[in-house]
Amino acid sequence: EKQKRRAIIFFAAQIAQALGRQHASNDKTAPAHTAFLTSAKHFRTLQENFKPLFPQESGFGGQVFFNEACALAAKDTKAARASLSEAVGLGFNDFKLMKTDKDLEPLRKTDGFDQFIAKQEALAAKKADEAIAKELADNKTFPFDFTLPDLEGKPLSLAKLQGKVVIVDVWGTWCPPCRAEVPHFVELQKTYGKQGLQIVGINYERSADPIPGIKSFAKEHGINYPLVIGNEATQNKIPEFQAFPTTLFIDRKGEVRLMAVGARPQSYLEAVVKRLLSEPTPAGAKKASKKKPAAKKAKAKAKKK
């Protein structure tokens, strides 16, 4: 009976949240806010009576309290801030949305809001780093390698990337969650490539001639890392492969330190990358080099002459 009651309360919070989103999508602000406040009321009942929360409940709760803050911002800025703090405490980390959502405009005009957001970002980053550290410590490493053709037919070997932190994205252009992660990987490669990060996408497509479609997708979305064509043998090297996308995080020694099944937010991906990049480079491994542009090299040679 206790578990039934728990499920009913959680379901009630979900129904109210869905109703609020429906009203919001139709620009019906007042009924949307009423539904969001009702959802938060149900979720607090869940929090008070059932501890600890299940991961699914916690993740949902972060969104519930963010939307509660949106509903409260115009009436009670102090309560709205408290709701945002609760949202971050449950894992909500879309700080860009906090800084742009129109419903939070009254809150953004209050004194100290920027400092408040900075503090919440720091707390979220610390919490994410601690969670990643535990996940890395609990995970069992496994051997993994591949030599696969890229989109031009040239072989790319994982072994040649040893000394770098490597993200292997096992994906397909037909897969919506896979496509949703691509902008995260593009941004990570752009930000951390010079520090020793290399992302590689292993494509598993459903067409007889997948390369034209992959090239078109890569150009459209600005993919700035190599893509290779996967095969069954490579997929079988991933223990208990379950779904697309699957992301492998490989350290500088070439060991798979973490495997994530399903799409993950950029904050999670970045936290893992930062943690692995902070580890020392093993003896004998090549460090990330800062190469001079070709033009500068040519100029330097000319001066010597």
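Buried means a relative accessible area under 20%, and exposed means over 50%. The model used in these exercises is predicted.

**Exercise 1. Helix H7**

Find which residues of H7 are buried, and state what they pack against.

Solution.
- Step 1. Locate the helix: H7 runs over residues 113-138 and has 26 residues. From the first C-alpha to the last it reaches 37 Å, close to the 38 Å expected at 1.5 Å a residue.
- Step 2. Apply the cut-off of under 20%. The buried residues of H7 are Phe113, Phe116, Ile117, Gln120, Ala124, Ile132 and Leu136.
- Step 3. Look for their surroundings. These buried residues pack against four helices, H4 (77-89), H5 (95-100), H6 (105-108) and H11 (266-277), and against strand S7 (256-261).

**Exercise 2. The nonpolar cores**

Describe the largest nonpolar core and name the elements that give two or more residues to it.

Solution.
- Step 1. The largest nonpolar core holds 31 residues, and Ile223 and Phe249 have the most contacts inside it.
- Step 2. Two or more residues come from each of H7, strand S3 (165-171), helix H8 (176-192), strand S4 (197-203), helix H9 (211-221), S7 and H11. H11 gives the most, with 7 residues.
- Step 3. Take Phe249 as an example. Leaving out residues up to four places away in sequence, Phe249 touches, among others, Val166, Ile167, Val256, Leu258, Tyr268, Leu269, Val272 and Leu276.
- Step 4. A second, separate core has 30 residues, including Leu46, Phe60, Ala73 and Phe92.

**Exercise 3. The two sides of helix H9**

Work out where the buried residues of H9 lie around its axis, and what the face turned away from them carries.

Solution.
- Step 1. The buried residues in H9 are Ile214, Phe217 and Ala218.
- Step 2. They cover an arc of only 100° around the axis, so they are on the same side of H9. An α-helix has 3.6 residues a turn, so residues three or four places apart point the same way.
- Step 3. The face turned away from the buried side carries Lys219 and Glu220, which are exposed.
- Step 4. On the buried side, the residues pack against S3, H8, S4 and strand S5 (227-229).
- Step 5. Just after H9 comes Gly222, with a positive phi of about 65°.

**Exercise 4. The hairpin of S6 and S7**

State in which sense S6 and S7 pair, and find the residue with a positive phi in their hairpin.

Solution.
- Step 1. Strand S6 (residues 246-250) pairs with S7 in the antiparallel sense, over 5 bridges.
- Step 2. For Thr246, the bridge partner in S7 is Val261.
- Step 3. The hairpin has 5 residues between the strands, and Gly254 takes a positive phi near 90°.

**Exercise 5. The disulfide and Arg179**

Identify the disulfide and its handedness, then describe the surroundings of Arg179.

Solution.
- Step 1. With sulfur atoms 2.5 Å apart, Cys175 and Cys178 form a disulfide.
- Step 2. The torsion about the S-S bond of Cys175 and Cys178 is about 75°, so the disulfide is right-handed.
- Step 3. Both Cys175 and Cys178 are buried. Cys70 also counts as buried, at 4% relative accessibility.
- Step 4. Arg179 lies in helix H8. Its relative accessible area is 34%, so Arg179 is partly exposed.
- Step 5. Apart from neighbours within four places in sequence, Arg179 is in contact with Thr173, Trp174 and Phe217.
- Step 6. Arg179 and Pro245 are 66 residues apart in sequence, while their C-alpha atoms are 9.1 Å apart in space.

Note on methods:
Residues numbered from 1 in each chain as written. Predicted model: local features only at pLDDT ≥ 70, side-chain atom pairs only at ≥ 80, totals over all residues. Heavy atoms only, no water. Expected span 1.5 Å × (residues − 1). Buried < 20%, exposed > 50% of the residue type's maximum accessible area, 1.4 Å probe, protein only. Contact = heavy atoms within 4.5 Å. Core = buried A, V, L, I, M, F, W, Y, C linked by side-chain atoms within 4.5 Å. Arc of directions from axis to C-beta. Pairing = 2+ DSSP bridges. Disulfide = S-S within 2.5 Å.
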